[in-house]
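Here is a walk through one structure, strand by strand and then into its ligand site. Keep the sequence and the 3D view open as you read.

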Amino acid sequence: MILSNIRVKPLTAAIGAEVEGVSLAEPLSDATFTALHDALMDHQVIFFRDQEMTLEQHKDFGRRFGDLHVHPAAPGPKGHPEILVIHADEKSKHVAGEGWHTDVSCDVEPPMGSILHIHTAPEVGGDTLFSNMYAAYESLSDRMQQFLDGLTAMHRSEHVHKGRYGLKEKLRDDDYPEAIHPVVRTHPVTGRKGLYVNASFTTRIMELSKAESHDILQMLCNHIARGVQFQCRYRWENNSVAFWDNRCVQHHAAWDYYPNVRHGYRVTIQGDRPV
Ligand code: SIN
């Protein structure tokens, strides 16, 4: 019996797959939902071309996978607090997501996934790079894995979010959340271990001295950035969608298209406390 017309085409051996044969604007059948969830668990980030979706349809697609997250520092468009606007043009001084990171890891319960719909892609440039954190962990030596297992790290947001998204000053106590998470987390669905420190939000390994923490974090962030064997790079077109699993993926938005326009919307799905 054919349950769905979905085709999943891996982008690289380590991470990423293009999914064909589904319209994300339509309500998902249970079979389609399962196929997409399986593809996400197998490939960590999945991509779709030629998807026209309203903001409501984008949110409905996200809600199929969990409750939606509201960004602590970025007010969404009017009536859509769950939408994060991704926009850059000739006036931009910075762009969201430049630098390797996992989304909002400063939250006590950071998002499980993010769904980015690019409406306007620049003619050239504006790719997003993705990195597999299972593979980043597994490619460390046994001794380094043992050293990192059981350590915890502080993830802070003020230095990332202050002055961004039009938020000039701290308005509420929870505008700039911070949280302590394991350096190595176990994925709640796959049971696999992955590195969970990132160059944007992670500021300190709690069990080490300041100098040791600085150097170990630097080593891990270099390892993630240089690990081209466990990365993929996605070339956007208008109406492409990427859906990544923040529990086992980091991403980096390349800002190499200034002064051209890149515009889209992100829906982010709530997650659990990392363990
Ligand atoms: C982000 O969600 O961090 C932005 C990703 C992108 O714009 O490609």
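The paragraphs below start with the strands, move to the ligand and end with some local details. The model is a predicted one.

Begin close to the start of the numbering, with strands β1 and β2. Strand β1 covers residues 7-10 and strand β2 covers residues 17-20. The two run antiparallel and share four bridges. One of the pairs sets Pro10 against Ala17 in β2. The hairpin of β1 and β2 has six residues between its strands. Look there for Gly16, which takes a positive phi near 95°.

Strand β2 has a further partner in strand β3, residues 45-48. Here the sense is parallel, and the bridges number two. Ala17 serves again: its bridge partner in β3 is Ile46. Ala17 is thus a residue to click on, with Pro10 as a partner in one pairing and Ile46 in another.

Next comes an open sheet of three strands. Their order is β8-β7-β11, and they pair in the antiparallel sense. The edges belong to β8 (178-182) and β11 (202-205). Each has a single partner strand, so one side of each is left without a neighbour in the sheet. On average, neighbouring strands of this sheet are turned by 30° against each other, direction ignored. Zoom in on β7, residues 152-156, and its pairing with β11. Three bridges connect these two antiparallel strands. His155 is found opposite Thr202 in β11.

Another open sheet also has three strands. Its order is β12-β6-β14, with antiparallel pairing. β12 (231-234) and β14 (249-253) are the edge strands, and each pairs on one side only. From one strand to the next, the twist averages 20°. Strand β6, residues 128-132, is joined to β12 by four bridges and runs antiparallel to it. Within β12, Cys232 stands opposite Phe130. In a regular strand, side chains alternate between the two faces of the sheet.

Now turn to the ligand. Which residues are around it? They are Ile86, Ala96, Gly97, His101, Asp103, Leu116, Thr128, Trp244, His251, Ala253, Arg262 and Arg266. By class, this shell divides into five nonpolar, four polar and three charged residues.

Several side chains make polar contacts with ligand oxygen atoms. For Thr128, an N or O atom of the side chain is 2.5 Å from an oxygen atom of the ligand. For His251, the corresponding distance is 2.9 Å. Arg266 places a polar side-chain atom 2.8 Å from a ligand oxygen. How much of the ligand does the protein bury? Taken alone, the ligand exposes 260 Å², and the protein buries 99% of that. Two elements, β14 and β15 (262-269), give two or more residues to the shell. The edge strand β14 of the β12-β6-β14 sheet is therefore one of the elements that give two or more residues to the ligand shell.Aromatic rings are the next stop. Across the whole structure, a search finds 10 aromatic pairs. Take Phe61 and Phe243 as one of them. Their ring centres are 6.0 Å apart and their planes stand at 80°, so the pair is edge-to-face. The pair links distant parts of the chain. Phe61 belongs to helix α2 (residues 55-63), while Phe243 belongs to strand β13 (residues 240-245). The two residues are 182 residues apart.

Finish with two details of the backbone. Tyr258 and Pro259 are joined by a cis peptide bond, with omega about 10°. Pro259 sits in the loop between β14 and β15. Those are the elements that give two or more residues to the ligand shell. The other detail is Val104. Its phi is near 50°, a positive value in a residue other than glycine. Val104 lies in the loop between β4 (83-88) and β5 (113-120).

Terms used
Residues numbered from 1 in each chain as written. Predicted model: local features only at pLDDT ≥ 70, side-chain atom pairs only at ≥ 80, totals over all residues. Heavy atoms only, no water. Pairing = 2+ DSSP bridges. Axes fitted to C-alpha atoms, helices over the stretch in contact; angles between N-to-C directions. Near = heavy atom within 4 Å. Polar contact = N/O pair within 3.5 Å; in protein donor to acceptor, adjacent residues only side chain to side chain. Areas by Shrake-Rupley, 256 points an atom, 1.4 Å probe, with all protein chains shown as cover. Nonpolar A, V, L, I, M, F, W, Y, C, P; charged D, E, K, R; others polar. Phe/Tyr/Trp six-rings, centres within 6.5 Å; stacked < 30°, edge-to-face > 60°.
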